[in-house]
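Colleague: Got a minute to go through this model with me? I'd like to begin with the ligand.

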Amino acid sequence: MSLTVFGTICIDTIETPGGVVREGILGGSCTYFAAAASFFTPVRLVAAVGEDFPAEFEAQVKRFKGVDTRGLERRAGSKTFRWGGKYHENMDERDTTFTELGVLAEAPPKVPADYRDAKVLFLANSHPSVQADMLGEFPNRKLAVADTMDFWIDGARPELDALISKVDGLVLNFDEAEQFTGKRNPVTAGRMMLEAGPRFVIIKKGEHGCILVHRDGIAALPAFPAEDVVDPTGAGDSFAAGLMGSIAAGLEADPSMDPGSFEALRRACVQGTVIASFTIEDFSLDRLTKLTRAELNDRVRAFQSMLRVD
Ligand code: AMP
């Protein structure tokens with residue numbers, strides 16, 4: 001009953017304050033998600049890259065432990081999706097410097113037949129109409145959650161509206177929630193989005209944590225107070241990975257659980273917050289690929305004790 005993720009595998013160019021530029025590094029919503037979620041449960045990925053995708057990046061993705069990469073399609077004659085991001089001084093806000101869609105403007109990758117039994121599906125950032133099409137590939141799903149970002153809110157709004165009416169949950173950034181609803185208050189924005197159909201919305205506020213707006217309640221969680229922020233790219237995808245990975249592991253242990261319940265999601269946000277705090281300690285996947293289960297467990301315990309208020 002593996003967790004399955006559909007999203008992008010990308011070649012990124014990242015600029016952080018002080019003029020530090022890292023050109024042509026491995027990124028993508030699916031990449032970060034798969035690497036981070038594999039700490040919790042086996043993951044299957046579905047994504048396409050072009051002919052230009054470096055062999056060493058492909059080897060790196062294939063080395064992720066616990067990640068089934070049979071759904072990674074390398075397409076002859078096509079170009080890999082490329083994206084550039086530049087962070088502001090506060091490291092929380094960023095501008096997209098370029099987006100070259102490449103394979104994202106083509107047909108979606110094929111889903112291997114034996115992935116279809118997935119119970120938990122994450123639609124990482126990608127074109128919302130393709131995200132919606134992917135839902136049809138997983139008829140046995142118990143939980144489907146989608147992510148989106150400014151590029152799609154601007155450029156594919158009708159498709160995004162259609163997607164939201166079909167998923168159980170949505171995760172997005174604070175600014176994106178405002179862009180989507182016109183409401184700056186995240187609770188108001190979250191409630192508006194619930195009216196479109198999902199059971200819950202999680203609004204991420206970078207260093208200020210996240211807010212879960214669910215039909216059954218509202219919860220707020222701070223971010224892990226990280227000291228060493230090198231590159232925030234992939235924090236959102238890693239947060240979603242900890243969330244979905246721990247829910248999928250819980251469902252594996254107890255198939256009768258409700259994976260979209262308020263309580264399950266509230267607890268899973270802790271795992272998401274902690275794994276995201278590792279991703280941002282280095283560029284690309286560099287910190288995640290060195291991370292050990294023991295380090296992750298220690299930080300989860302430290303975070304839980306920080307949250308304790310009697
Ligand atoms: P995050 O920092 O979690 O929002 O994720 C950043 C990753 O998403 C980067 O590695 C990019 O390659 C990827 N990305 C950027 N723009 C898009 C987009 N429009 N659609 C899908 N993935 C994107």
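**Ligand shell and beyond**

Modeller: This is a predicted model. By class, the shell around the ligand is made up of eight nonpolar, nine polar and three charged residues.

Colleague: Which residues are closest to the ligand?

Modeller: D12, G28, R94, G234 and D237 are the closest of the 20 residues that surround the ligand.

Colleague: What polar atoms of T8, G28 and W152 lie by the ligand, and at what distance?

Modeller: For T8, an N or O atom of the side chain is 3.1 Å from a nitrogen atom of the ligand. For G28, a backbone N or O atom is 2.7 Å from a ligand oxygen atom. W152 has a polar side-chain atom 3.1 Å from a nitrogen atom of the ligand.

Colleague: And how much of the ligand does the protein bury?

Modeller: The protein buries 96% of the 510 Å² that the ligand exposes when taken alone.

Colleague: Which elements give two or more residues to that shell?

Modeller: Those are β2 (10-16), α1 (29-37), β6 (81-87), α4 (150-155) and α8 (235-253). The most comes from α8, with three residues.

Colleague: Switching to α7. Which of its residues are buried?

Modeller: In helix α7, residues 186-194, the buried ones are P186, A189, G190, M193 and L194. Looking down the axis of α7, these buried residues fall within an arc of 140°, so they line one face of the helix.

Colleague: Why would spacing like that put residues on one face?

Modeller: An α-helix has 3.6 residues a turn, so residues three or four places apart point the same way.

Colleague: What do the buried residues of α7 pack against?

Modeller: They pack against α5 (157-164), β10 (169-173), α6 (174-181), β11 (200-204) and β12 (210-214).

Colleague: What happens at the start of α7?

Modeller: A side-chain oxygen of N185 comes to within 2.8 Å of the backbone nitrogen of V187 there.

Colleague: Backbone check next. What is phi at M91, and where is that residue?

Modeller: Phi of M91 is near 65°, a positive value in a residue other than glycine. M91 is in the loop between β6 and β7 (94-100). M91 has a relative accessible area of 16%, under the 20% cut-off, so it counts as buried.

Colleague: What about S284?

Modeller: S284 is not a glycine but has a positive phi of about 50°. S284 is in the loop between α9 (262-279) and α10 (286-290), and is buried, with a relative accessible area of 6%.

Notes:
Residues are numbered from 1 along each chain as its sequence is written. This is a predicted model: local features need pLDDT of at least 70, side-chain atom pairs count only at pLDDT 80 or more; totals for chains, interfaces and linings use all residues. Side-chain values use heavy atoms; hydrogens and water are left out. Buried means under 20% relative accessible area, exposed over 50%, partly exposed in between (1.4 Å probe, protein chains only). Helices (H or I, at least four residues) and strands (E, at least two) are DSSP runs, numbered from the N terminus. The arc is that of the directions from the helix axis to the C-beta atoms. Contact means heavy atoms within 4.5 Å. A polar contact is a pair of N or O atoms within 3.5 Å; within protein, one must be able to donate a hydrogen and the other to accept it, and residues adjacent in sequence count only if both atoms are side-chain atoms. A residue is near a molecule or strand if one of its heavy atoms lies within 4 Å of it. Accessible areas come from the Shrake-Rupley method with a 1.4 Å probe; for residues, only the protein chains shown count as cover. Ala, Val, Leu, Ile, Met, Phe, Trp, Tyr, Cys and Pro count as nonpolar, Asp, Glu, Lys and Arg as charged, and the others, Gly among them, as polar.
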